Amino acid sequence: MNQVKSKKLKVKNMSKNTLRFCVSAMVLLSFAFGIFAQKETPPVGGQPKPFVFPAAETYSLKNGMRITLVPYGSVPKVAIQAVIRSGSLNEKEGQRWISEIVAGMLKEGTAARNSEAIARETAEMGGSIFTAAQTDKTIIGGEVLSEFDTRFLTLVADVMLNPKFAAEDLETLRANKLRALSIAKAQPG
């Protein structure tokens, strides 16, 4: 009986010693890897290129609208943005996403153009038009080749001043928003 107990004790001591050895070896190896690992340093960054802000020309129209012209680059493009100081911050309780829906509906058509005509005209001018609702503002704008600046300005003005707001467009945007919300709920984060 004593021989069995002594063998069990020997096996138990051997397994403790083996475990201690393995833990010690792991600690030493991790320490050695930390010391002998090759450390890479990122390359030294170059000198920053000088940047001079272009001279901006700002003035106000008779109706109070402020205009800022900023020439930049050599590509013959013009970017136009109209900023309306109203966004989701101005929505009342129960009006969630009204500003988003209104911004989306602006591109859906005017009294003179449908959404296809608006998209086709901006594409013919070599650019695009966009609308966006943010917290404190709604933006209507886009970019086109500079030779079409007046034509594009007329188009943006038509989109802003003569929106159609058709019921079928509202239903389409509403369905799209509900679909986007259900997709967002299904994705983590």
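Let's start in the loop between α4 and α5, where we find Phe-165. What is the sign of phi at Phe-165, which is not a glycine? In this predicted model, phi there is positive, about 50°. As for its surroundings, Phe-165 counts as partly exposed because its relative accessibility is 41%.

Let me step back to the whole chain for a moment. You have 5 helices and 5 strands in front of you. Reading from the N terminus, the order is α-β-β-β-α-α-β-β-α-α. The chain has 189 residues, and 19% of them count as buried. If you take the contacts between residues at least 6 apart in sequence, 60% of those join residues at least 24 apart.

Now, the helix I'd like you to look at is α2, which covers residues 98–106. Which residues of α2 are buried? They are Ser-99, Ile-101, Ala-103, Gly-104, Met-105 and Leu-106. And what covers them? The cover includes the strands β4 (128–133) and β5 (138–145), along with the helices α4 (149–161) and α5.

Ser-99 deserves a quick stop, friends. It sits in helix α2, and Ser-99 counts as buried because its relative accessibility is 11%, where the cut-off for buried is under 20%. Setting aside neighbours within four places in sequence, Ser-99 is in contact with Gly-87, Ser-88, Glu-91 and Ala-133.

Next, one of the covering helices, α5, which spans residues 167–186. How do α2 and α5 meet? Their axes come within 10 Å and cross at roughly 125°. That angle falls outside the 65 to 115 range for roughly perpendicular and is not over 145, so α2 and α5 are oblique to each other. The crossing of α2 and α5 is also right-handed. On the α2 side, the contact is made by Glu-100, Ile-101, Gly-104 and Met-105. From α5 come Asp-169, Leu-170, Leu-173, Arg-174 and Lys-177. Sorted by type, the residues of this contact are 4 nonpolar, 1 polar and 4 charged. If the spacing of those numbers looks familiar, here is the reason: an α-helix has 3.6 residues a turn, so residues three or four places apart point the same way.

Let's move over to the strands. Arg-66 is found in strand β2, residues 66–69. Is Arg-66 buried or exposed? Arg-66 counts as exposed, because its relative accessibility is 62%. Not counting residues up to four places away in sequence, Arg-66 touches Tyr-59 and Ser-60. There is also a spacing you can check on your screen: Arg-66 and Val-83 are 17 residues apart in sequence, and their C-alpha atoms are 10.0 Å apart in space.

Last stop, the aromatic rings. How many aromatic pairs are counted? The count comes to 1 aromatic pair. The partners are Phe-51 and Phe-53, with 5.0 Å from centre to centre and 90° between the planes. Planes over 60 degrees apart count as edge-to-face, so this pair of Phe-51 and Phe-53 is edge-to-face. As for the partners themselves, Phe-51 counts as partly exposed because its relative accessibility is 48%, whereas Phe-53 is exposed, with a relative accessible area of 70%.

That's my tour, so please open the model and ask away.

Note on methods
Residues are numbered from 1 along each chain as its sequence is written. This is a predicted model: local features need pLDDT of at least 70, side-chain atom pairs count only at pLDDT 80 or more; totals for chains, interfaces and linings use all residues. Side-chain values use heavy atoms; hydrogens and water are left out. Rings of Phe, Tyr and Trp (its six-membered ring) pair if their centres lie within 6.5 Å; planes under 30 degrees apart count as stacked, over 60 as edge-to-face and the rest as tilted. Buried means under 20% relative accessible area, exposed over 50%, partly exposed in between (1.4 Å probe, protein chains only). Axes are lines fitted to C-alpha atoms, for helices over the stretch in contact, and angles run from 0 to 180 degrees between N-to-C directions. Helices (H or I, at least four residues) and strands (E, at least two) are DSSP runs, numbered from the N terminus. Angles under 35 degrees count as roughly parallel, over 145 as roughly antiparallel, 65 to 115 as roughly perpendicular and the rest as oblique. A crossing is left-handed if the near helix is turned anticlockwise from the far one by less than a right angle, and right-handed if clockwise. Contact means heavy atoms within 4.5 Å. Ala, Val, Leu, Ile, Met, Phe, Trp, Tyr, Cys and Pro count as nonpolar, Asp, Glu, Lys and Arg as charged, and the others, Gly among them, as polar.
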